[in-house]
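Reader: I should like to learn how cysteines and nonpolar cores are read in a structure. May we go through them one by one?

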Amino acid sequence: MKRLQTSCDSEPDDRLEISMASVASALSDPSRVTILCALMDGRAWTATELSVVADIAASTASGHLNRLLSKGLIICLTQGRHRYYSLAGHHITGLLENLMGVSMGTHAAPASRTPVNLRYARTCYDHLAGELAVSIYEYMLREKWLTADGSELTSSGKICFAKMGVVPEPRSRRRPCCPCLDWSERRYHLGGNAGSALLTLFLQKKWLTRVAGYREVNVTDAGRTALFRLFDLK
C-alpha cells in the first residue's frame, strides 16, 4: 500500500496566519465537514462511499477530497487500482472534536436525528461513543476514576482499569484521556489513550461486536451483563 504525497509533506508556509486561514477555509464547506466526520470512525473509505454519505456527485466528492488532501487533513492510500481515504491522524480527530464542541456551544441543541442503533453505541474514531459511552463516562466521574476535568485517570481509576484488564498504550503521545463531546447525546464520553484501550478490551472480550462497514457496534449478551455490572448501568 503506497501513500500519496500531499502538500502537507512539503516545506511549511512561513506565515502561520495564512496557513491557519487556509486550513479553516478547507473546513468551511458542509460537504467536506460531512466527509471528515464520516472518517472519524477510523476506517479508510473510498471516494464513492464518501460521495454517498455526503449526498454529492462522485465528481464533486473528488474535488473536495483533493482539497482536504492538499491541506493535510486526510491521507490517501493506494492498494492496487483502489484508493482509500482516512484522516491524517489523531490530531485531526482532536481538531474535529473540538470544533464540534465549539459549534454545539453556540447554538441551541436540536432534537437528535441520529438513528437509534447508532445513538446507543458506535465508534468515534478509536473509542466508544453514544448513549452507552456517555453513561460509562458519567459513572467514571461519579466514582472518581477520572479527575474532575476528565483529563487524567485517578489512582483509583488506574487500579480499576488494571483490574478490568484495560492496558493503555504506554508510549503513546496522545493525551492519557480526555472528555470527547458526543454529537448525538450532547454530553461527554471518554476519549484519548484510555478511551481507545477501553474499546479494545470490550472488543477483545466480545462484549461489543462491530457491524462490518459501519460505525455501529452491538452489545452482546455477555457484554450487557458485564458492562451493566461494572458501570452500574440501568
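Reader: Why is Cys178 not bonded to the closest cysteine sulfur, in Cys180?

Author: A disulfide is a covalent bond between the sulfur atoms of two cysteines. A disulfide is counted here when the two cysteine sulfur atoms lie within 2.5 Å. The sulfur of Cys178 is 6.3 Å from that of Cys180, which is too far for a bond. This is a predicted model, in which local features need pLDDT of at least 70 and side-chain atom pairs pLDDT 80 or more, while totals for chains, interfaces and linings use all residues. Residues are numbered from 1 along each chain as its sequence is written, and side-chain values use heavy atoms, without hydrogens and water.

Reader: How many disulfides does the rule give, and is Cys178 buried or exposed?

Author: The count comes to zero. For Cys124, the nearest cysteine sulfur, that of Cys180, is 4.0 Å away. Buried means under 20% relative accessible area, exposed over 50%, and partly exposed in between, with a 1.4 Å probe and protein chains only. Cys178 is buried at 5%, and Cys124 is buried at 3%.

Reader: Which residues touch the most other members of the largest nonpolar core?

Author: A nonpolar core is a set of buried Ala, Val, Leu, Ile, Met, Phe, Trp, Tyr and Cys residues joined through side-chain atoms within 4.5 Å. Among the 31 residues of the largest one, they are Phe161 and Phe231. Another core, of 27 residues, lies apart from it and includes Trp45 and Tyr125.
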